[in-house]
There are 2 protein chains.
Amino acid sequence: MSTESTKKSRVPLSRERVLRAAVDLADEGGLASLTMRRLGERLDVEAMSLYKHVANKEDLLDGIVDIVVGEIDLPEPGENWRPAMRRRAVSARAMFRRHPWALLVMETRSTPGATTFRYHDAVLGALRADGFSVALAAHAFAVLDSLIFGFCLQEQNLPFDESNVAEMAESMMEAMPTDEYPHLAEIAIEHVMQPGYDFANEFDFGLDLILDGLAGLRDRELREGG
Amino acid sequence: MSTESTKKSRVPLSRERVLRAAVDLADEGGLASLTMRRLGERLDVEAMSLYKHVANKEDLLDGIVDIVVGEIDLPEPGENWRPAMRRRAVSARAMFRRHPWALLVMETRSTPGATTFRYHDAVLGALRADGFSVALAAHAFAVLDSLIFGFCLQEQNLPFDESNVAEMAESMMEAMPTDEYPHLAEIAIEHVMQPGYDFANEFDFGLDLILDGLAGLRDRELREGG
DNA sequence: ACCTGAACACCGTTCAAGT
DNA sequence: ACCTGAACACCGTTCAAGT
């Protein structure tokens with residue numbers, strides 16, 4: 001609570017503080033703005049001092065991925081598999097929207113951290129507890145994760161913000177000769193440019209399609225397996 | 001056919017040649033090795049000369065994405081929707097395995113090129129020609145692309161090569177206390193470490209699950225709408 | 001023990017200068 | 001017209017030196 005705010009930061013540096021600052025920096029300025037030098041600046045420290053708390057930049061990136069994976073809602077004990085899977089999918093998507101850099105960074109990580117293990121374990125546990133065989137739980141996990149990652153990746157690279165769909169469609173129709181791409185034109189006019197269109201709805205469509213399919217396979221397993 | 005192979009390259013530089021060399025460089029050494037300086041080296045030219053054929057590095061990346069998107073099999077006229085969708089999914093996955101950097105680069109592109117338009121148009125066309133409504137074709141496109149992108153992203157970051165599954169499972173069991181992650185341990189022992197396990201099978205599982213679901217929705221549309 | 005200044009080997013990109 | 005050398009403003013990272 002001291003009011004002196006000179007250059008020296010009283011709070012000592014720690015791995016935790018470094019990682020938090022890195023997440024904030026990437027959130028605010030994008031991944032390109034997350035450099036060791038600028039991170040040092042933000043913490044009132046020279047870039048070189050960061051290396052006391054982080055082995056190198058790779059280690060820093062591993063650390064911030066672990067933080068954001070920890071923000072995904074885990075299934076609760078006793079929760080039915082279907083609402084549990086929906087909740088984790090929705091919260092994973094929300095996380096990727098809060099941290100647009102996360103997908104990009106996760107793509108370059110090879111060694112998952114403890115938080116990732118905990119996440120995988122909890123999801124598998126919810127499926128197993130609700131009647132899924134080991135094999136079907138593995139299938140379910142992979143296909144749901146594919147949808148989540150793939151949808152978020154598409155959503156992130158949409159050439160328009162959720163808000164200005166009309167503008168982009170218009171400018172796209174200019175750059176895109178209608179006779180050369182007739183089906184793109186059709187879908188733009190009859191679907192995308194219609195009032196109420198929201199690409200986010202595609203997430204629910206895909207999620208329900210997959211959950212319905214999994215429910216069917218689970219029922220069959222339970223019937224046949226005894 | 002001249003045999004003199006001095007420093008000067010007889011073939012003049014062109015955008016095409018620059019982009020091809022960039023794809024090769026990224027294939028061989030990963031995205032990190034694709035720098036303007038090293039690309040120049042490979043073409044026996046100073047890095048600065050590349051700027052005659054490419055506006056900047058962003059433009060270069062746009063260009064190589066367009067090239068690899070062009071490697072995805074398009075539906076053929078008259079092809080049934082289901083084999084057409086399967087073929088494009090399989091060939092897209094093969095492309096992402098040939099060019100592991102492509103997913104990463106596509107993620108940072110915002111303006112799709114002509115090849116991407118052509119690809120989207122052909123896929124939508126195959127669905128529309130086979131009875132899908134505009135809305136259902138849009139849904140189908142989004143969910144299939146999500147699966148393809150998301151699966152390839154996962155496959156790329158697998159902490160093991162398709163070959164040495166046993167090794168990795170073993171080393172993972174060490175780093176991963178069995179009692180802390182019981183369901184991960186279970187799936188590792190009873191599923192992943194079983195002979196014949198191949199993560200690639202998850203792709204077919206997801207693909208069939210989604211195609212089955214779409215087939216059902218298409219049938220219902222045709223019954224009700226027609 | 002913790003932080004720093006200077007240095008190294010890299011980047012993408014510019015611009016005036018060469019042929 | 002096409003290519004280049006030198007330079008600029010950046011990177012991540014090292015290491016001996018400071019406190």
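This is a short tour of the salt bridges, the interface between two protein chains and the surface around one DNA strand.

Before selecting anything, note that this is a predicted model, in which local features need pLDDT of at least 70 and side-chain atom pairs count only at pLDDT 80 or more, while totals for chains, interfaces and linings use all residues. Residues are numbered from 1 along each chain as its sequence is written, chains are lettered from A and ligands numbered from 1 in the order in which they are written, and side-chain values use heavy atoms, with hydrogens and water left out.

**Stop 1: helices α4 and α10 of chain A**

Select A:Asp212 and A:Arg82, whose side chains meet in a salt bridge with an N to O distance of 2.8 Å; a salt bridge here is a side-chain nitrogen of Lys or Arg within 4 Å of a carboxyl oxygen of Asp or Glu. Because A:Asp212 lies in helix α10 (residues 201-225) and A:Arg82 in helix α4 (residues 81-98), the pair ties together parts that are 130 residues apart in sequence. Helices are DSSP runs of H or I with at least four residues, numbered from the N terminus.

Next, add A:Arg86 and A:Asp208, which form a salt bridge at 2.5 Å, N to O. A:Arg86 belongs to helix α4 and A:Asp208 to helix α10, so this pair joins parts that are 122 residues apart in sequence. A:Arg86 is partly exposed at 26% relative accessibility, and A:Asp208 is partly exposed at 29%, where buried means under 20% relative accessible area, exposed over 50%, and partly exposed in between (1.4 Å probe, protein chains only).

Which residues make up the network of salt bridges here? Adding A:Asp204 to the selection completes it, since the network links A:Arg82, A:Arg86, A:Asp204, A:Asp208 and A:Asp212. Over all chains, the count comes to 37 salt bridges.

**Stop 2: where chain B meets chain A**

Now display the contact between the two chains, counted from heavy atoms within 4.5 Å, to which chain B and chain A each give 54 residues. The buried area, which is the accessible area (1.4 Å probe) that two parts lose on being put together, summed over both, is about 4,700 Å², with carbon and sulfur atoms giving 70% of it.

Two salt bridges cross this interface; select A:Arg128 and B:Glu186 to see a salt bridge whose closest N and O atoms are 2.8 Å apart. On the side of chain B that touches chain A, the elements giving two or more residues are α5 (101-106), α6 (114-129), α7 (134-156), α9 (182-192) and α10 (201-225) of chain B. The largest share of that side, 16 residues, comes from α7(B).

**Stop 3: DNA strand C**

Finally, select the 15 residues that surround DNA strand C, the closest being A:Glu46, A:Ser49, B:Arg37, B:Tyr51 and B:Lys57; a residue is near the strand if one of its heavy atoms lies within 4 Å of it. The largest share of this surface, three residues, is given by helix α2 (residues 36-42) of chain B.

What does the side chain of B:Arg37 approach on the strand? An N or O atom of that side chain is 2.4 Å from a base nitrogen of DNA strand C. For B:Arg38, a side-chain N or O atom is 3.1 Å from a phosphate oxygen of the strand, whereas for B:Lys57 a backbone N or O atom lies 2.9 Å from a phosphate oxygen.

Notes: Polar contact = N/O pair within 3.5 Å; in protein donor to acceptor, adjacent residues only side chain to side chain.
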